Amino acid sequence: MDLRLLRYFVAVADEGNFNRAADRLHIAQPPLSRAIQQLEAHVGAPLLDRASRPLRLTDVGRLLHAQALQLLARMEDVETMVKTAATSQRRRLVIGFVASTIYARLPELIREFRKVADNVELVMVESTTLEQIAALKDGRIDVGFGRIRFEDPAVRRIILRNEKLVAAFPMDHPLARGEGQISIRDLAEEPQIIYPRAPRPSYADQVISLFRDHAIEPRIVHEARELQIAIGLVAAQEGMAIVPESVHRARSHDVAFRDLVEPATSPIIMSHRPGDRSPELALMASVIARQYAQWGYEVPAALTEEL
């Protein structure tokens, strides 16, 4: 039987009136009447007692109505199962990231991943490295990109590369106008803006250690919540900051940058659960390896050995 005709019949039986059933089905009344007549012709018997008000079902109509309800319910179940199966084929990858990795070419990696994985739903979650560790262990994210080294047997880390650190100054700062590299010792008396304020340990502790490694106690005047605020405070002449080199590309109109004499870097770390062999994670690793090779970065062996 035509499922459309069965739906029309059920509507008329439920409403007990052709006009109300037509409104419910969003069709005109005459085509609905013809459809029911077509169904009755197919069955070979009247389905409705048209002399009664409201309309009542005949014995054959009651039998067909009960079976039609079951059949239509079953068809809805089939549609739901098919749609669920189709949706489940679209896989999901949840990525945690610290704000500073946005400057370190993470958006370019994400764009390349999307090109080769259009059937994967990407979810981006900004979080600190320590928050990423907890989220990985709880299964709330699948991979994390941060800057803090950590020791946790439940999380595997891969250092993708070490990014050079540079000094950031307000544009009219005397040290901003100098040529060449500048020494950490030249910054000993400069007001420092560090970030993030919490949680600790964090990138802020890397910067503090950089000064203390040279027997200098930094003069900290601001502990900003995040990199964007810190670099904004630099532009506002509140102090200077030690930041990853990639920030230079994104903020050069109101902040001046100078390289450091002393070798100083901050790692970009990719974290994941040990033993995770998901195709999405493996694809992300291959995208990073390919892009790093194109950009002239050294490709970490662990990207291809572990994933």
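**Aromatic contacts, a two-faced helix and a parallel strand pair**

R161 lies over the face of Y297, 4.3 Å from the ring centre. This contact, like every feature below, comes from a predicted model. A second arginine is placed in a similar manner: R105 lies over the face of W295, at 3.9 Å from the ring centre.

The two rings under these arginines belong to one group. Ring pairs link Y292, W295 and Y297 into a cluster. In total, the structure holds four aromatic pairs. One of them joins Y292 and Y297. The centres of these two rings are 5.1 Å apart and their planes stand at 85 degrees. An angle over 60 degrees counts as edge-to-face, so the pair of Y292 and Y297 is edge-to-face. The two tyrosines can also be described by their accessibility. Y292 is buried, because its relative accessible area is 2%. Y297 is partly exposed, with a relative accessible area of 23%. The cut-off for burial is under 20%.

Helix α3 covers residues 29–43, which makes 15 residues. From its first C-alpha to its last, α3 reaches 21 Å. This is close to the 21 Å expected at 1.5 Å a residue. Which residues of α3 are buried? They are L32, S33, A35, I36, L39 and E40. Viewed down the axis of α3, these buried residues fall within an arc of 160 degrees, so they line one face of the helix. The other side of α3 carries exposed residues: R34, A41 and H42. Just after the helix comes G44, which takes a positive phi of about 90 degrees.

Strand β7, residues 191–194, is covered on both faces. On one side, P191 and I193 are buried. On the other side, Q192 and I194 are buried too. β7 pairs with strand β8, residues 219–223. The pairing runs in the parallel sense and spans four bridges. Within it, Q192 of β7 has I220 of β8 as its bridge partner. Between the two strands the chain passes through helix α7, residues 203–212. This β-α-β crossover, from β7 through α7 to β8, is right-handed.

Three pictures thus stand side by side. Y292, W295 and Y297 form a cluster of rings, with R105 over W295 and R161 over Y297. Helix α3 has a buried face and exposed residues on its other side. Strand β7 is buried on both sides and pairs with β8 in the parallel sense.

How values were computed
Residues are numbered from 1 along each chain as its sequence is written. This is a predicted model: local features need pLDDT of at least 70, side-chain atom pairs count only at pLDDT 80 or more; totals for chains, interfaces and linings use all residues. Side-chain values use heavy atoms; hydrogens and water are left out. The expected span of a helix is 1.5 Å times one less than its number of residues. Buried means under 20% relative accessible area, exposed over 50%, partly exposed in between (1.4 Å probe, protein chains only). The arc is that of the directions from the helix axis to the C-beta atoms. Two strands pair if DSSP finds at least two bridges between them. A crossover is right-handed if, with the strands pointing away from the viewer, the path from the first strand over the helix to the second runs clockwise. Rings of Phe, Tyr and Trp (its six-membered ring) pair if their centres lie within 6.5 Å; planes under 30 degrees apart count as stacked, over 60 as edge-to-face and the rest as tilted. A charge sits over a ring if NZ of Lys or CZ of Arg is within 6 Å of the ring centre and within 35 degrees of the ring normal.
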